[in-house]
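Thank you all for making the time this morning. I would like to walk you through one structure, going from its overall make-up to a few individual residues, and please interrupt me wherever something needs a second look.

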Amino acid sequence: MKKCVHFRFMCLLFLSLNFLSLKAFPQDGARQLRWEAGFTLGPSFFLGDLGGNAGKGTRFIKDVNLELTKIVKGGFVSVYPNNWLGFRLAAQTGYLEGQDDIINTNGIYELFRKQRNLDFKSSLSEAYIVAEVFPLMFLNRNSEEYSGKLQPYVSFGFGMIHFNPQGSLTDANGNKSWYYLKPLNTEGQGMAEYPNRKPYSLTQPVIPIGGGFKYFISERVNISLEILTRKSFTDYIDDVSTSYINPELFDKYLTPQNAAIARQIHDKTYGIVAPGLSRIAPGEQRGNPKQNDSFFSVLTKVGFRLGSIYENGFSKTERSKLRCPARF
């Protein structure tokens, strides 16, 4: 069922891409369109409630944990109605991860997060469509002498992600086991005692925003370096958002097996302050509900021009921009 939903979403994005490219610029005909396809690869970094560095927690680059760097990979198809605007349909897969126990404690602000001792990891699937705007191309759109082999651009659009967070428990022998967190209702999602905490969906919309540089190696091949941030509308990518709940409620709503796991995994501060005791009580802060989770990637994109290079409306302009000058 999930694969069917993702397939339908990809089909919708592809149809939207064709509609935008064919209908938004009808004056020059479909022959003007320039198509590219390629692949993406690069590191991805999670910014949420878990992990971080010294000082107050943020959703910015200060709290990036480089040791938890994950790799995303995927492919894309782009269409360019003219030389300063394009639309890109992309799909990528990867992982996200966050850990409290790696935080360096230099003061009191990060001590709470380190003693909280939570962690998560999650697979990630995403699909998005973004508009690419090349400002220098736009400013020089009427100049046939302008050479633009290296072009800065900005990108923004809409997408969907699918995730499924897991948390870990470590036994007395140091063996670590991972458990899916959503079925455990770790913050009381779906419980009558917490009516404002609804079960969260594992498929969520995101707003991708970024920018980078595109270099035309030849008329057929180009390479780009792009930083792309995804603004999400959920605070539960890492399954941490608000406050601790009464652990006795797990027995009421979960199976005995899941209840036993949930009691241990929702509060991992036992024994950190005093042996056999928890540092917290129900209602105390577990996460920060005022900020949604996000993540960003540093993507290397390699694109290949599709179809004929010169038999369209771009032929003369593209050739003059990409070929070497006649004089030294």
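I will take the overall make-up, then the cores, the cavities, the aromatic pairs and finally four single residues.

Let me say at the outset that what you have in front of you is a predicted model, and every value I quote is computed from it. The protein has 328 residues, of which buried residues make up 45%, and its secondary structure consists of six helices and 10 strands. If we take the contacts between residues at least 6 apart in sequence, 75% of them join residues that are at least 24 apart.

Turning to the interior, which residues have the most contacts inside the largest nonpolar core? That core has 15 residues, and the ones with the most contacts inside it are L96, F120, I161, F163 and I237. The elements that contribute two or more residues to this core are β4, running over 119-133, and β5, running over 150-163. Apart from it lies another core, this one of 13 residues, and its members include L169, M191, L254 and I265.

I237 is a useful residue from which to look around the first of these cores. Once its neighbours within four places in sequence are set aside, I237 is in contact with F46, L96, F120, I161, F163, P165, S232 and D293.

Next, the cavities. The count comes to three of 30 Å³ or more, and the largest has a volume of about 70 Å³. Its lining is made up of 13 residues, and those that lie nearest the centre are L118, D119, L181, I265 and R286. What is the character of the residues in that lining? They divide into six nonpolar, two polar and five charged residues.

On to the aromatic residues, where a search of the whole structure finds seven pairs. I will discuss two of these in detail, beginning with Y80 and F134, which form a tilted pair with 6.3 Å from centre to centre and 55 degrees between the planes. Y80 lies in strand β2, residues 70-80, while F134 lies in the loop between β4 and α3, so this pair ties together parts that are 54 residues apart in sequence. Both of these residues, Y80 and F134, are buried. Ring pairs also link Y80 and F134 with Y153 into a cluster.

The second pair is formed by Y200 and Y236, and is stacked, with 4.8 Å from centre to centre and 5 degrees between the planes. Here Y200 belongs to the loop between β7 and β8, and Y236 to the loop between β9 and α4, so the pair ties together parts that are 36 residues apart in sequence. Y200 and Y236 are both buried as well.

Those two loops come up again when we look at the backbone. N185, in the loop between β7 and β8, has a positive phi of about 50 degrees although it is not a glycine. Is N185 buried or exposed? With a relative accessible area of 17%, N185 counts as buried because the cut-off is under 20%. D239 has a positive phi too, of about 65 degrees, and is likewise not a glycine; it is found in the loop between β9 and α4, and it is buried with a relative accessible area of 2%.

N185 also appears among the surroundings of F250, a residue of helix α4 that is buried with a relative accessible area of 0%. Leaving aside neighbours within four places in sequence, F250 is in contact with L184, N185, T186, M191, I245, A259, A262, R263 and H266. For one of those, T186, the separation along the chain is 64 residues, while the C-alpha atoms of F250 and T186 are separated by 8.5 Å.

My last residue is Q285, which sits in the loop between α5 and β10 and, at 47% relative accessibility, counts as partly exposed. Not counting residues up to four places away in sequence, Q285 touches F112, T242, S243 and Y244. From Q285 to Y244 there are 41 residues in sequence and 6.4 Å in space, taken C-alpha to C-alpha.

That is where I will stop, and I am happy to go back to any of these places on the screen.

Note on methods. Residues are numbered from 1 along each chain as its sequence is written. This is a predicted model: local features need pLDDT of at least 70, side-chain atom pairs count only at pLDDT 80 or more; totals for chains, interfaces and linings use all residues. Side-chain values use heavy atoms; hydrogens and water are left out. A nonpolar core is a set of buried Ala, Val, Leu, Ile, Met, Phe, Trp, Tyr and Cys residues joined through side-chain atoms within 4.5 Å. Buried means under 20% relative accessible area, exposed over 50%, partly exposed in between (1.4 Å probe, protein chains only). Helices (H or I, at least four residues) and strands (E, at least two) are DSSP runs, numbered from the N terminus. Contact means heavy atoms within 4.5 Å. On a 1 Å grid over the protein atoms alone, a cavity is a set of points where a 1.4 Å probe fits but cannot get out, and a pocket is an open set with protein on both sides within 12 Å along at least five of seven lines; lining residues have an atom within 4 Å of a point. Grid points are joined across faces, edges and corners, and a volume is the space filled by probe spheres set on the points. Ala, Val, Leu, Ile, Met, Phe, Trp, Tyr, Cys and Pro count as nonpolar, Asp, Glu, Lys and Arg as charged, and the others, Gly among them, as polar. Rings of Phe, Tyr and Trp (its six-membered ring) pair if their centres lie within 6.5 Å; planes under 30 degrees apart count as stacked, over 60 as edge-to-face and the rest as tilted.
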